[in-house]
Amino acid sequence: MLNRNLVLATALLLSGSTSMALAGGPNVEVMHYWTSGSEAAGLNVLKKLLEERGVTWSDSPVAGGTGMNMVQVLRARIASDTAPAAAQMHAQQVQAWASEEVLTDLTDLAKKDDWAKVIAPELVPLISHDGSYVAVPVNVHRSNWLWYNKKVFDSAGLQPPTTWDEFNEVSEKLLAKGVTPLALGGQPWQELDLFENAVLGIGGADFYRKAVIDEDEAALRSDTMVKVFDQLRKMNKYIDSNYPGRDWNLATQMVIKGEAGMQIMGDWAKGELSLANLQPNVDYGCVPAPGTKGSYVWLTDNFGFFKTKDKDKQAGQLAMASAILDKGFQEAFNIKKGSIPSRIDVSMDKFDFCGKAAFADRAEAQKSQKSLPSLAHNAAAGATKTGVFTDVVSTFFETPSVTSQQAIEQLVTGLKSAQ
Amino acid sequence: MSTTFPVQQTAKRGQWREGSGAKLWLARNASQLALAPSVAIILLAVYGFMVWTGVVSFTASKMLPTYEFVGFDQYWRLWSNPIWRIAVDNIFIFAILFIAIASIIGMALAILVDQKIRAEGFFRTIYLYPMALSFIVTGTAWKWILNPGLGIERMVRLWGWDSFRFDWLVDPRFAIYTLVIAGVWQSSGFVMALFLAALRGIDEDITKAARLDGAGSFQIYRRIIIPQLGPAFLTVFVILTQQAVKSFDLVVALTAGGPGNSTHLPATFMYMQTFGRDQMAVGAASAMMIFMTVTAVVAPYLYSDVRKQRDDT
């Protein structure tokens, strides 16, 4: 009796502490950077689901919100031929890894589970490569949101702006009231977020496609683009002087405390707002960013699976890919994360007001061809070109002496050398 | 017995020589053998990968290394990147100011501590403590101290000086100097320790003789003591130079390259291109530029060192 317990305990210890190669049966090692409370809780749902289906989960988190640390570790693992079974990646990163021919083909599973019908159609081109599926989308975030503090707006008698001109008027009034109009963190990606919203809000969906996705020189050099940069320059005076380097969640805190009126940020901001016990549509409002009503700017987190010859690992990979699209997981995870499901057929009953609005807006945007990939979050362009936009926009925004024309010139030459 | 004994002995000795040649060889080369693994590792892991980085900088590598050669294209792209040029300007501003100010403050502290003051150990420890911190901690602490809404500016304003401004951290024109401030704070104590050791090594009889001849303290330091600190200066210079060139964590923690990309240094640029922008070859090209700059600074020092050793023997 005692002996058997001892053996059992040793076996448990071994399976817990040593590599998965020792444990028999399907297994999957998952590399990700979802280490914050709500994200980890969301991922835990997937882990439990897989364990119910007999798959052993081995967690390989690499902390660091932008995922750059994880990419570094992942590259080293791939170069040394010890790739994890699965890794988290943005839409364009899926394409980059797929062109290195390291991702497992998921087409058979996709046919069996009928992915073509259930996954949001705008995601499909980015999770497939040369006609086969190579990744599974977990969630869809929206980046063209404007969050505003309702109390501040009500006491000033203001309505949320629907165009950039209105945005400027509202901001002037908030300034007069002594409230910082726009909460912003001066990190390059947050400034790029503002830029992409200005491109879409001022130029419209077709201009967004030409300028940001096709990087068409005529569009980049157009008067519309000058207006976009002029708008960014105006926004210099609608933010507080203390913004450089601030994290996005600290900017959200400014809206929560009423120090700032608005923030333009993706729907992960909801996590901060609900942590502060604020209710959507009561304490804060969510509306599309100025001029972007009817459009849905999306970004996704996906899991890609690295090729392996180990049968148990292959089984684990397929089980995980299938579980990610499980309706129950899609619902539970996305409620926690603040995003909406990558499937278009999940019930939205349990989601909050802004989640439901996002889901409805996506359906509408899909019909009118206004569902667009986000530039700031690696969905519209590859890392090199996104980098050019990031550098130019961030330098422009934080250096008042740079003119809109100079910024456009830098953008065009930079994008040319990034070919 | 007495006649056979020497014969036996020589036979034995011969046997020992023949049978255990390997042992003898081992004994003679033990030190080389002990060093061999580390030499091999360094050859591969340091010099091998230096060469490899050089090779990659001539390829079209993006996300993972490939061996499709493109000549000097990546160097051309590197030098046409405006942020690389900012980074190059910055490293010169940063290195010159950092080395100069840290040396001067370190030397001044050393001279002050050298005045046979009370509780010398206490002061030495205080000045050395910053060195025990990593640059990440230094950078984060100074990020808060220099932030206009949290640190010095806010404090002085709360004291009543409402128009006080100290917003270098958020001003692209001055942000690079905040790196100098934090770097100097971190390294001055260490420089002090180096100079203090050198000061203690100076023969006291000379200073006593100078004092008898009527020289003041200032003159003694200026004409007798400081000129003798030459080797210490060289050590300080080489250590601070390599610290300046590889400054990476300080930038990451303090400014993250901002505001407006004004504080990038070559090391942060290299990291960003290689891992954030899928431009491994451009990253490698920038690494080669850094390597050549360091070589240009350190090679004369190594050369003179090697020559001195040769002259000594």
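Biologist: Which exposed residues are carried by the face of H19(A) turned away from its buried side?

Modeller: This is a predicted model, in which local features need pLDDT of at least 70 and side-chain atom pairs count only at pLDDT 80 or more, while totals for chains, interfaces and linings use all residues. Residues are numbered from 1 along each chain as its sequence is written, with chains lettered from A and ligands numbered from 1 in the order in which they are written. A residue is called buried if 20 or more other C-beta atoms, placed from the backbone, lie within 10 Å of its own, exposed if there are 12 or fewer, and partly exposed in between. By that criterion, the exposed residues on the face of H19(A) turned away from its buried side are Gln405(A) and Lys416(A).

Biologist: What arc do the buried residues of H19(A) cover around the axis?

Modeller: Helices (H or I, at least four residues) and strands (E, at least two) are DSSP runs numbered from the N terminus, and H19 of chain A spans residues 404-417. Its buried residues are Ala407(A), Leu411(A) and Gly414(A). Taking the directions from the helix axis to the C-beta atoms, these residues lie on the same side of H19(A), because their arc is only 75 degrees.

Biologist: Which elements of chain A do the buried residues of H19(A) pack against?

Modeller: Contact is defined by C-beta atoms, placed from the backbone, that lie within 7 Å of each other. On that basis the buried residues of H19(A) pack against helix H11 (217-220), H12 and helix H18 (383-398).

Biologist: Why do the buried residues of H9(A) line one face of the helix, and what is their arc?

Modeller: Helix H9 of chain A, residues 164-176, reaches 18 Å from its first C-alpha to its last, close to the 18 Å expected at 1.5 Å a residue, where the expectation is 1.5 Å times one less than the number of residues. The residues buried in H9(A) are Trp164(A), Phe167(A), Val170(A), Ser171(A) and Leu174(A). They line one face of H9(A) because, seen down its axis, they fall within an arc of 110 degrees.

Biologist: At what angle do H7(B) and H9(B) pack?

Modeller: Axes are lines fitted to C-alpha atoms, for helices over the stretch in contact, with angles from 0 to 180 degrees between N-to-C directions. The axes of H7(B), residues 135-146, and H9(B), residues 175-200, are 10 Å apart, and the helices pack at an angle of about 130 degrees.

Biologist: How is H7(B) classed relative to H9(B), given that angle?

Modeller: Angles under 35 degrees count as roughly parallel, over 145 as roughly antiparallel, 65 to 115 as roughly perpendicular and the rest as oblique. The packing angle here is about 130 degrees, which makes H7(B), relative to H9(B), oblique.

Biologist: In chain A, is Gln369(A) buried or exposed?

Modeller: Gln369(A) has a positive phi near 60 degrees although the residue is not glycine, and Gln369(A) lies in the loop between helix H17 (353-367) and strand E13 (371-373). With 12 other C-beta atoms within 10 Å, Gln369(A) is exposed.

Biologist: How many Å separate the C-alpha atoms of Asn334(A) and Gly201(A)?

Modeller: Asn334(A) is in helix H16 (residues 327-337) of chain A and counts as buried, with 27 C-beta neighbours inside 10 Å. Leaving out residues up to four places away in sequence, Asn334(A) touches Asn139(A), Ser339(A), Ile340(A) and Pro341(A). Asn334(A) and Gly201(A) are 133 residues apart along the chain, and the separation of their C-alpha atoms is 27 Å.

Terms used
Contact = placed C-beta atoms within 7 Å.
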